[in-house]
Amino acid sequence: MDRRNFLSTALGAVTATACSTTQASEPAARKLPFIGVQIHPFSFYDEGIERVLDLLQETASINALFVYSHLYASDQQMPAEVLAHDHPGFTPIDPKLRRYRRVWARHVPGEFDGQLLRHAIDAADVEFAGKDLFAELAPQCHKRGMKLLGRILEPRGRHGAELIQNFSQVLTVSLDGKPGTNACWNNPDYRSFWQVTVADTFRQNPLEGFMLGAERTGPLYRLIQAGESPSCFCRHCQLRMKDREISERRLRTGYAAINEWIQAMRRGASRPADGALVTFLRLLMRHPEVLAWEREWALSLEESLGALVRSIKSVKPAALVGRHIDHQQSSWDIFYRAAVSYSEMAESMNFLKPVVYHDIAAPRVNRWMLAEFSKSILSDLSQTQSLDLYYAVFGLDPQQEPAFQEMLSGSFSPDYVYRETKRCVDSVGGRTLVYPGIGFDIPFHRPNAPPLAHPSQPDVLAAAATKAFEAGAEGIVVCREYQEMRLPNLRAIGRAVRDLPTSGSKSR
Ligand SMILES: [Zn+2]
């Protein structure tokens, strides 16, 4: 099926699902757009499956669930205080005290024969061991006209080592020869492990779709943003360099020169005679392999995710499969934005979910980008000037967005959601569905400190959701996790959906 045919089929399926929902309860009701929600599997047993589904449908008009088939991205350092405390009949449990079950999808063990990597086997006494969540959820979703989709986020660092057997054998190799914290997507064992995982997940579990996620940025950005030694020089990446005619020797020389300069700047070296940005540009001109590899690195992820889509489709051709585009990738990593366009991401996906979390964008851009970039390539600018530059270069309206001093406790505006969604919609040109991630009540993750609550305002949130549709989105995904979402904000989503002027399923 070509993409245009797929698009109309997928839209038809979403619309039909929404129709059956509305027909069951209110025969004359209009069609609903796709309104998905991200939710941890344990939330269903914490609060009760039927209760959660009814609450999501009644408050936020949710008609699609994204549930982790493999819970590899939970943060056990999250204080219970930052989770929602107003879900009826449930008091949040301190994550540090929980023993999370990680593998929630049913698998046939033989499917992993011959694989280097395996999912670690959950201990027999983890929470909700033995529950067949997807089998329990499917009829309840069907009854309510809700689509049931799985999701994954790849693990990294200590998590990866704990959750995936032999993870240490597929790690990236950095310039200094040390193993990195991520697995390498150019490693065929890592790719095939996930291909087998998603295919078997669809064979054994009643899922209608899936969202793939890999939250990672490129080596040049990581060097500037975190001072991390560039990667990857594993033998599979060496082969890729050779195949793409990127000289490994010159790449290493370039990384070494840029690394030395960035590290010196991050330690407080004085201003170079020609200024920081010119010096950086000079290094890139002398070592263009660094830019070439930044793009190859991003392309290897796209290829890997595309292969996962094909694995799922080989089992279930009609599955709705899309890609989570994390906040750095969507909103402030300028190298990623240049390396791979939304149009290229759309090649293999049925939908894209760019993260456009307007509230938490403000402190994230402040601490994760401006503060870090000011240590090296933007050190000639004050952070206020850097923010002006960021707004201009990334196409945001400084009149709508927070001033520098307001960022840590502030929020980006619904206009940011509009502009970022429209950028995606325009870029994909109708070849795939766009479901931006609308985030709220997301805690702010700080280095060496527990996450801090960053509560959202219902009226601003409702406006943000409305703006996503005005920008041409076919649906939205309510983020980040159900356990964080306060009821007034879930209701704000429902209000925005009800107040949409026409059906969210657009005719373009
Ligand atoms: Zn590699």
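**Close-up 1. Aromatic pairs around Y390 in the predicted model.** In this predicted model, the count of aromatic pairs comes to 26. One of them joins Y390 and Y391, whose ring centres lie 5.7 Å apart and whose planes meet at 50°, so the pair is classed as tilted. Y390 also forms an aromatic pair with F394, which is likewise described as tilted, with 4.8 Å from centre to centre and 35° between the planes. Y390 has a relative accessible area of 2% and is therefore buried, the limit for that class being under 20%. Y391 counts as buried at 2% relative accessibility, and F394 is buried with a relative accessible area of 8%.

**Close-up 2. A cluster of aromatic rings.** Ring pairs link the side chains of Y72, F112, F167, W185, Y190, F193 and W194 into a cluster. Among its members, W185 directly follows in numbering the zinc donor C184, which is shown in the last view.

**Close-up 3. Arginine charges over phenylalanine rings.** Two views show the charged end of an arginine placed over the ring of a phenylalanine. In one of them, the charged end of R98 sits over the ring of F42, at 4.5 Å from the ring centre. In the other, the charged end of R252 lies over the ring of F233, and here the distance to the ring centre is 4.2 Å.

**Close-up 4. The zinc site and its four cysteine donors.** The zinc ion is coordinated by the SG atoms of C184, C232, C234 and C237, at distances of 2.2 to 2.3 Å. The angles among these four donor atoms run from 97 to 119°, and the site is tetrahedral. For comparison, the ideal angle for four tetrahedral donors at a metal is 109.5 degrees. Along the chain, the donors of the zinc ion follow the spacing C-x47-C-x1-C-x2-C.

**Close-up 5. Distant parts of the chain joined at the zinc ion.** Two of the donors, C184 and C232, are 48 residues apart, and the pair links distant parts of the chain. C184 belongs to the loop between β7 (179–183) and α6 (188–204), whereas C232 belongs to the loop between α7 (219–226) and α8 (235–243). C184 is buried, with a relative accessible area of 4%, and C232 also counts as buried, at 1% relative accessibility.

Definitions and conventions: Residues numbered from 1 in each chain as written. Predicted model: local features only at pLDDT ≥ 70, side-chain atom pairs only at ≥ 80, totals over all residues. Heavy atoms only, no water. Phe/Tyr/Trp six-rings, centres within 6.5 Å; stacked < 30°, edge-to-face > 60°. Buried < 20%, exposed > 50% of the residue type's maximum accessible area, 1.4 Å probe, protein only. Lys NZ or Arg CZ within 6 Å of the ring centre and 35° of its normal. Donors = N, O, S within 2.8 Å, 3.2 Å for Na, K, Ca; no water. Tetrahedral: all angles 85-135°; square planar, octahedral: opposite > 155°, others 65-115°. Helix = DSSP H or I, 4+ residues; strand = E, 2+ residues; numbered from the N terminus.
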